[in-house]
Amino acid sequence: VAQSPVWRALSPDQGEQTLFEERHLRYISPLGKGNFGSVELCRYDPLGDNTGEMVAVKKLQPNKLSTLEDFKKEVKTLSVLDYEYIVKYKGVCYSTGRLSMSLVMEYLPYGSLINYLDSNRLHVNTWRLLLFASQICKGMEHLQTLRYVHRDLAARNILVASESLVKIADFGLTKIVPFDKEYYRVSQPGDSPIFWYAPESINESRFSHKSDVWSFGVVLHELFSYCDINSNPKRLCMREIGNNVQSQSISMYLANILKNNWRMPAPPNCPAKVYSLMKLCWAYDFEERPCFSGLGNQIEAIMQDERE
Ligand SMILES: N#CCCn1cc(-c2nc(Nc3ccc(C4CCNCC4)cc3)nc3c2CCN3)cn1
């Protein structure tokens, strides 16, 4: 049999890697922007006859060198996460001269939750939204067993594999919680998605599985709002803060209203039990928030009620 054109190479720092040859990666169209890079649809077509498979390729933005290290960490993170509710790692592609590299992943045809819910809201019922929520919960539970904190859990980073399967993606901000602490503190907050952030993340740049639970509550809100642009978290929070507040003080205002117990209102037609779950995730004190396994059980219980 001809040598497979997808090489398996053992590189010292990243364990086994599957190498895709750049010359066989045929660009097709843009798919989106993530942390540290843009994602493109490509066909990996070594035979050159359009029979090759479609893949999603995340290219590193070449300009900021510091992110090459972060990008390698993202590749490493995804390569060890092999789980049905997490987007599948396929390998890497080094550009000529190994100046830059790309991350090759499975292509999920329906795009992000935002694309999908916005254009399919009519035939996605409550039970299906709960199914997606339980899958995200299981994915986050798996992450937690490996001591990974995602730090960017949001509907834009949840991809739809089929009408009944979603997967967590974009591990560009994912960090490992050190063995001797229950949280990870970042130095520079960067351009952070603060409207998905727990109070301790806004105030102290402190991230943990419990801050991921807060973000999960925001994803629940996005799910039951069908990712409607008018009830997107940023818009709801800015309406409460006041749209004329200067950008550098928004995080202070947001921390204040959360401290004063303001929370996003229930989405239209959202079942009361689901809104109660969101409120649990948004407990100010992170120790009062549920864990992902407990959340998963509660979601499945509500699914049973919805079934009847
Ligand atoms: N996460 C994250 C943020 C970065 N990001 C990741 C992807 C991604 N998209 C897809 N698939 C995909 C994406 C969009 C469409 C359409 C939507 C309507 N408009 C036209 C395009 C279709 C299918 N599959 C993937 C990935 C990563 C792994 N597999 C896209 N952005």
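# Notebook: salt bridges, loops and overall build

**Entry 1, a bridge between two loops.** I started with Arg 147 and Glu 182, whose side chains meet in a salt bridge with 3.7 Å from N to O. I then looked up where the two partners sit. Arg 147 is in the loop between α3 (126-145) and β8 (148-149), and Glu 182 is in the loop between β11 (175-176) and β12 (184-185), so this pair ties together parts that are 35 residues apart in sequence. I also checked how open each partner is. Arg 147 is partly exposed, at 28% relative accessible area, while Glu 182 is exposed, at 53%. A reminder to myself: this is a predicted model, and I am reading my values from it on that footing.

**Entry 2, Arg 156 and Asp 152.** Next I looked at Arg 156, which forms a salt bridge with Asp 152. The closest N and O atoms of this pair are 2.9 Å apart. Arg 156 has 32% relative accessibility and counts as partly exposed. Asp 152, on the other hand, is buried, with a relative accessible area of 4%.

**Entry 3, Arg 289 and Glu 200.** Are the two partners of this bridge buried or exposed? I first confirmed the bridge itself: the side chains of Arg 289 and Glu 200 meet at 2.8 Å, N to O. The pair links distant parts of the chain, with Arg 289 in the loop between α8 (272-281) and α9 (292-307) and Glu 200 in helix α4 (residues 199-204), 89 residues apart. As for my question, Arg 289 is buried, with a relative accessible area of 2%. Glu 200 counts as buried too, at 5% relative accessibility. Buried here means under 20% relative accessible area, so the values of 2% for Arg 289 and 5% for Glu 200 both qualify.

**Entry 4, the wider tally of bridges.** How many salt bridges does the count come to? I get 15 salt bridges. I also noted a network of salt bridges that links Lys 58, Glu 74 and Asp 170. On charge overall, the chain has 35 positive and 35 negative side chains. The centres of those two sets lie 3 Å apart.

**Entry 5, Val 124.** I moved on to the loop between α2 (113-120) and α3, where Val 124 lies. Val 124 counts as buried, at 1% relative accessibility. Which residues is Val 124 in contact with, leaving aside its neighbours within four places in sequence? They are Tyr 116, Leu 117, Leu 129 and Tyr 226. I also took a distance to Arg 206, which is 82 residues from Val 124 along the chain: their C-alpha atoms are separated by 35 Å.

**Entry 6, Pro 109.** Pro 109 lies in the loop between β7 (101-106) and α2. Pro 109 counts as partly exposed, at 48% relative accessibility. Leaving aside neighbours within four places in sequence, I find Pro 109 in contact with Val 160 and Ala 161. The C-alpha atoms of Pro 109 and Leu 159 are separated by 8.8 Å, with the two positions 50 residues apart along the chain.

**Entry 7, positive phi values.** I looked up two residues for their backbone angles. Arg 151 has a positive phi of about 70° although it is not a glycine. Its place is in the loop between β8 and β9 (158-162), and at 7% relative accessibility Arg 151 counts as buried. Asn 261 has a phi near 70°, again a positive value in a residue other than glycine. Asn 261 lies in the loop between α7 (250-259) and α8. Unlike Arg 151, which is buried, Asn 261 is exposed, with a relative accessible area of 58%.

**Entry 8, the whole chain.** I closed by stepping back from single residues. The chain holds nine helices and 13 strands. Its radius of gyration is 20 Å, close to the 19 Å that the globule rule gives for 308 residues, so the chain is as compact as a globular protein of that length. Along the principal axes, the C-alpha atoms fill a box of roughly 65 × 45 × 40 Å. Buried residues make up 53% of the 308 residues. I also checked contacts between residues at least 6 apart in sequence, and 62% of them join residues at least 24 apart. Finally, the chain exposes about 15200 Å², and carbon and sulfur atoms supply 52% of that area.

Technical notes: Residues numbered from 1 in each chain as written. Predicted model: local features only at pLDDT ≥ 70, side-chain atom pairs only at ≥ 80, totals over all residues. Heavy atoms only, no water. Helix = DSSP H or I, 4+ residues; strand = E, 2+ residues; numbered from the N terminus. Rg over C-alpha atoms; globule rule 2.2 N^0.38 Å. Buried < 20%, exposed > 50% of the residue type's maximum accessible area, 1.4 Å probe, protein only. Contact = heavy atoms within 4.5 Å. Areas by Shrake-Rupley, 256 points an atom, 1.4 Å probe, with all protein chains shown as cover. Lys, Arg positive; Asp, Glu negative; His and termini not counted. Charge placed at Lys NZ, Arg CZ, Asp CG, Glu CD. Salt bridge = Lys/Arg side-chain N within 4 Å of Asp/Glu carboxyl O.
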